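Dear colleague,

I am passing on the model we spoke of, and I would be glad if you could look through it alongside the notes that follow.

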Amino acid sequence: MGSSAEYVFVGCYTGDKGGEGDGITLLRRDPVTGDLTRLGLAARTPSPSFLAQHPTLPVLYAVNELDEGTITAFSVAPDCSLIPLSTRKTGGADPCHLAVTGDGRHLVVANYGGGSVTVFPLDADGVPAERSDLLQLQGSGPNTERQSSAHAHQVLPDPNGADVLISDLGSDRVWRSRLDPNSGRLAPPVPAVEAKPGTGPRHMVRGPRGTLVLAGELTGDVTWYHPAGGPALTLGGTVDASRLPGPVYPSEIAIGSDGRFVYVANRGPDTVSAFSWDGESAELIAEVPTGGVWPRHMILLGDHLYVANQRSHNVTVFRIDPDTGIPGAQGDPTGEPTPTCLLRWNPPVIRP
């Protein structure tokens, strides 16, 4: 496989979570046109609803979003076939997100149902050992149906340090902890963000100059926070994720490579909103239908945006105008059963 093609792995829900998928599938992407070609099933594994990549090794990690959560690691062969390495129990329910620390030594996992965060040490080949920590979060929010207890939704390790940010939908907080690289344990968490009650922090992304941009699943908005010299961030601003009537549940959030545009996937109206953004203020410049139902996840690759529409079983492609930042639908959707996550994989970028 040369540099003339790129690859995208797709996570999904399988039958145990009411989905129609079989495991992790593989798409080929044409880096010039942005078009996708479905290559088929890469690995059978239960409800791999989120995927992550080791920063320097050809290893892929998947959560298995089950009542008794597990994670599975795979070695990625040159032809992008997946070879299972190990499966480990997370010690929590419904793991929904995972990430590898910047130094490549630990895998961090958010357990949504249990409101906890699990840490796995990784050996020199990227294989997870038994977990080194299970950090239980505490807290609740005013939405009694969704916020009766903590619900860890995303883990965001600092690529250059020991900090780990944890979005907690249940307590309306983004927690900050520090991971000891020697013991593999997380320090007691302190609030980095105390969001408006009922926000339901879901996913977040780092912007320029240390800004954190956050999607509120329950309030249907986007907020951003600036560094303030200590563990806590200060509120910079808020904007509605969608202008359409009815409930909106933002899922994924992304920032363009030059930092000028922010994109939000909106479940409910089934749209992607595009905002012009200068770090201080955001203005809605477009809201476009995703071409599917329940956009669960999306990724930006070059001038293209790819959206995983969970309930319509497809992945849609948009070309983003590099000047205006506005997405335009491109081509026909790619059929994909119950897709929940997209992960770019470009073998040539992996260092030997």
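Contact is used here for heavy atoms within 4.5 Å. Please keep in mind throughout that this is a predicted model. With that cut-off, and leaving aside its neighbours within four places in sequence, Leu98 is in contact with Phe50, Leu51, Ala52, Tyr61, Ala62, Val63, Ile71, Leu107, Val108, Val109 and Val155.

Leu98 also belongs to the largest nonpolar core, which has 29 residues, and within that core Phe9, Leu60, Leu98 and Leu107 touch the most other members. Two or more residues come from each of β1 (6–12), β2, β4, β5, β6 (70–76), β8 (95–100), β9 (106–111) and β28 (339–345), and β5 makes the greatest contribution, with 5 residues. Apart from this core lies another, of 15 residues, which includes Val108, Leu137, Trp175 and Leu186.

Several of the strands that supply the largest core are found in two open sheets, which I take in turn.

One of these open sheets has 4 strands in the order β3-β2-β1-β28, with antiparallel pairing. Because β3 and β28 stand at the edges with a single partner strand each, one side of each is left without a neighbour in the sheet. From one strand to the next, the twist averages 25°. Within this sheet, β1 and β2 run antiparallel and are joined by 5 bridges, and Phe9, already named among the core residues that touch the most other members, has Leu26 in β2 as its bridge partner. Strand β2 (residues 23–29) is in turn joined by 7 bridges to strand β3 (residues 36–44), again in the antiparallel sense, with Thr25 standing opposite Leu41 in β3. The hairpin formed by β2 and β3 has 6 residues between the strands, and in that hairpin Gly34 takes a positive phi near 85°.

The other open sheet also consists of 4 strands, ordered β4-β5-β6-β7 and paired in the antiparallel sense. Its edge strands are β4 (51–53) and β7 (82–89), each of which pairs on one side only, and the twist averages 25° from one strand to the next. Between β4 and strand β5 (residues 59–64) the antiparallel pairing extends over 3 bridges, and the partner of Gln53 in β5 is Leu60, which is another of the core residues that touch the most other members.

With best regards

Terms used. Residues numbered from 1 in each chain as written. Predicted model: local features only at pLDDT ≥ 70, side-chain atom pairs only at ≥ 80, totals over all residues. Heavy atoms only, no water. Pairing = 2+ DSSP bridges. Axes fitted to C-alpha atoms, helices over the stretch in contact; angles between N-to-C directions. Core = buried A, V, L, I, M, F, W, Y, C linked by side-chain atoms within 4.5 Å. Buried < 20%, exposed > 50% of the residue type's maximum accessible area, 1.4 Å probe, protein only.
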